[in-house]
Amino acid sequence: MKATRKQIKAANEIAARFSGWHEPQEIAAMYDELEKIGVSTGCITNRQDFPNLGCWQGHCEWYINGEEVENSVFVYSVYEGNPNITRNDYNIYFS
């Protein structure tokens, strides 16, 4: 299925609230909020690690009410590079 701009915007509004510096356990709440609007994501299987930078990123398919969205991906990247703090810097969005 093709997602409308309104659907992508709604998903990105939720993702944007969880981008930036957060505790890892806070990210679970993002998935709960996405589920409330019928959005779910696949499993990120193409993870790219950048150990020298302390970060990783990946992307996967996403779904609206169980139907895969065409020509769009869920993008997830996280900076975990500072061992002195528990918060990570997340960049999460739907293309």
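Helices α1 and α2 are roughly antiparallel to each other, a label given to angles over 145 degrees, whereas angles under 35 degrees count as roughly parallel, 65 to 115 as roughly perpendicular and the rest as oblique. Their axes come within 9 Å and cross at roughly 165°; axes are lines fitted to C-alpha atoms, for helices over the stretch in contact, with angles running from 0 to 180 degrees between N-to-C directions. The crossing of α1 past α2 is right-handed, meaning that the near helix is turned clockwise from the far one by less than a right angle. Helices (H or I, at least four residues) and strands (E, at least two) are DSSP runs numbered from the N terminus.

This is a predicted model, in which local features need pLDDT of at least 70 and side-chain atom pairs count only at pLDDT 80 or more, while totals for chains, interfaces and linings use all residues. Residues are numbered from 1 along each chain as its sequence is written, and side-chain values use heavy atoms, with hydrogens and water left out.

On the α1 side, Ala11, Ile14, Ala15 and Arg17 meet Met30, Glu33 and Leu34 of α2. By class, this contact has 5 nonpolar, no polar and 2 charged residues; Ala, Val, Leu, Ile, Met, Phe, Trp, Tyr, Cys and Pro count as nonpolar, Asp, Glu, Lys and Arg as charged, and the others, Gly among them, as polar.

Met30 also belongs to the largest nonpolar core, which has 20 residues. Such a core is a set of buried Ala, Val, Leu, Ile, Met, Phe, Trp, Tyr and Cys residues joined through side-chain atoms within 4.5 Å. Met30, Trp62, Phe74, Tyr76, Ile92 and Phe94 touch the most other members. At least two core residues come from each of α1 (5–17), α2 (27–36), β4 (55–60), β5 (62–64), β7 (74–79) and β8 (88–94). Not counting residues up to four places away in sequence, Met30 touches Ile14, Ala15, Phe18, Phe74 and Ile92, where contact means heavy atoms within 4.5 Å. In soluble globular proteins, nonpolar side chains tend to be buried together.

Four further residues are set out by location and accessibility; buried means under 20% relative accessible area, exposed over 50%, and partly exposed in between (1.4 Å probe, protein chains only).

| Residue | Location | Relative accessible area |
|---|---|---|
| Ser77 | strand β7 | 15%, buried |
| His59 | strand β4 | 38%, partly exposed |
| Asn65 | loop between β5 and β6 (67–68) | 63%, exposed |
| Asn71 | loop between β6 and β7 | 73%, exposed |

Leaving aside neighbours within four places in sequence, Ser77 is in contact with Trp56, Gln57, Asp89, Tyr90 and Asn91. With the same kind of exclusion, up to four places away in sequence, His59 touches Ile44, Asn46, Val73, Phe74 and Val75. The C-alpha atoms of His59 and Val75 are separated by 4.4 Å, although these residues are 16 residues apart along the chain.

The two loop asparagines have positive phi values, as residues other than glycine: phi is near 50° in Asn65 and near 55° in Asn71. Asn65 and Ser19 are 46 residues apart in sequence and 24 Å apart in space, C-alpha to C-alpha.
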